[in-house]
Amino acid sequence: MAIKKHSIRKSKTGTRTALGKWKTNKTVLVTGASGGIGYDLSSIFAENGYNIVLIARNKEKLLALANQAQQMFGVSARVIVKDLTRPKAAEEIYRDLEREGIIVDILVNNAGYGLLGNFAFTSKKDELEMIQLNISAVAHMTKLFLQPMIKRGRGRILNVASAAGFLPGPLMANYSATKAYVVSFSAGLAEEVRENGVTVSVLCPGPTFTGFQDRAGIRENSFVKLVMADSRVVARAGYEGLMAGKLVIIPGFFNKLGSLIARISPFSLTARSLRRFREPKMLPIVRKLP
Ligand SMILES: NC(=O)c1ccc[n+]([C@@H]2O[C@H](COP(=O)([O-])OP(=O)(O)OC[C@H]3O[C@@H](n4cnc5c(N)ncnc54)[C@H](OP(=O)(O)O)[C@@H]3O)[C@@H](O)[C@H]2O)c1
């Protein structure tokens, strides 16, 4: 879709693109909106009349979504191109929006990635940046956008964790731990703000068809492919759960069952079974421990 030249501006802190005049009423900010679950969540919000603030690194994909949402649903859209592994990214986003007078009614912390392999041998940079993106950016964005919500007496936060957040995750140990943080953080926070008009929900998808598997280096076997979810279905469950004020949203029967079993099984047993399940997938790509 063609993008009008005059609609593109550059900010000091990153590329910020304004598409049309901002219509005030309800606004959602979605991180990781350029693909997968974040893309589908953003379009579902737009369909439901929300203005959208879209964050990710891929400018072209964000602009295409922003234009489409604006033209199809008549909502306003902002694109903020930002690498959320940078420690100052959240602050820059917050200041940009504050300067423009854009009030974020709903915050969706969705951006994240995983990495398959023995932690001893995976890339140090990738593992540490994962903590920055999956944990620090979630905490930082929430820290900044929560207080204004409390002051207004209304607001919603949706954090995207994973069914992996309930499990110890050999061969994705760091990823599972980051998602365990998101589950625990969300549940604790939800209780803190329960009487302030703000709801906090955590979406815990199981394997879902997105760019996630490629980024993580996962090649799912045919059984997993059979039960893998469509990202639109996952996003729809997230949207509906958030709007209903649900705390934990686990889309799909098998994921609900798996999370339940994980919560009552001994850690060591779950970890050993998961390792047996995952190991064949990593053999061609990652060194085994001696
Ligand atoms: N797919 C699954 O099987 C699955 C299962 C459970 C949970 N999840 C969780 O769902 C969330 C969304 O993932 P997805 O499955 O939709 O994967 P995806 O298709 O790879 O999307 C990830 C999104 O995060 C953005 N992102 C990645 N690194 C970023 C960075 N440094 N700064 C800003 N944005 C960044 C990507 O955009 P750019 O590359 O343009 O920056 C993209 O928009 C993640 O938190 C993931 O852990 C996924």
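Q: I'm looking at α1 and helix α2. How do their axes sit relative to each other, and at roughly what angle do they cross?

A: When you look at a pair of helices, check how close the axes come and what angle they make. In this predicted model, the axes of α1 and α2 (residues 59-73) come within 10 Å, with a crossing of roughly 20°.

Q: What do we call α1 and α2 with an angle like that, roughly parallel or roughly antiparallel?

A: Angles under 35 degrees count as roughly parallel. So α1 and α2 are roughly parallel to each other.

Q: And is the crossing of α1 and α2 left-handed or right-handed?

A: Right-handed: that's how α1 passes α2.

Q: Which residues make that contact?

A: Look for residues from both helices. On α1 you'll find Y39, S42, S43, A46 and E47, and on α2 there are L65, A69 and F73. Sorted by class, the contact of α1 with α2 has 5 nonpolar, 2 polar and 1 charged residues.

Q: Can we try another pair? At what angle do helix α4 and helix α5 cross?

A: Sure, same routine. Helix α4 (residues 124-152) and helix α5 (residues 173-192) have axes that come within 10 Å and cross at roughly 5°. With that angle under 35 degrees, α4 and α5 are therefore roughly parallel to each other.

Q: Which residues of α4 and α5 make the contact?

A: From α4, it's E127, M130, I131, N134, I135, V138 and A139, while α5 brings N174, Y175, T178, K179, Y181, V182 and F185. By class, that contact has 9 nonpolar, 3 polar and 2 charged residues.

Q: Now the ligand. How many residues surround it, and which are the closest?

A: Think of the residues around a ligand as a shell. Here the shell holds 30 residues, and the closest are G32, G36, R57, N58 and G112. By class, the shell splits into 11 nonpolar, 15 polar and 4 charged residues.

Q: Which helices each supply at least two residues of that shell?

A: Those are α1 (36-47) and α6 (212-216). The biggest giver is α1, with 3 residues in the shell. And you've met α1 already, as the partner of α2.

Q: Let's zoom out. How many helices and strands does the chain have?

A: Count the elements: the chain comes to 10 helices and 10 strands.

Q: What share of the chain is buried?

A: Of the 290 residues in the chain, 41% are buried.

Q: And how do I read contacts along the sequence?

A: Ask how far apart the partners are in numbering. Among contacts in the chain with a separation of 6 or more, 70% are between residues 24 or more positions apart.

Conventions
Residues are numbered from 1 along each chain as its sequence is written. This is a predicted model: local features need pLDDT of at least 70, side-chain atom pairs count only at pLDDT 80 or more; totals for chains, interfaces and linings use all residues. A residue is near a molecule or strand if its C-beta atom, placed from the backbone, lies within 6 Å of it. Helices (H or I, at least four residues) and strands (E, at least two) are DSSP runs, numbered from the N terminus. Ala, Val, Leu, Ile, Met, Phe, Trp, Tyr, Cys and Pro count as nonpolar, Asp, Glu, Lys and Arg as charged, and the others, Gly among them, as polar. Axes are lines fitted to C-alpha atoms, for helices over the stretch in contact, and angles run from 0 to 180 degrees between N-to-C directions. Angles under 35 degrees count as roughly parallel, over 145 as roughly antiparallel, 65 to 115 as roughly perpendicular and the rest as oblique. A crossing is left-handed if the near helix is turned anticlockwise from the far one by less than a right angle, and right-handed if clockwise. Two residues are in contact if their C-beta atoms, placed from the backbone, lie within 7 Å. A residue is buried if 20 or more other C-beta atoms lie within 10 Å of its own, exposed if 12 or fewer, and partly exposed in between; C-beta atoms are placed from the backbone.
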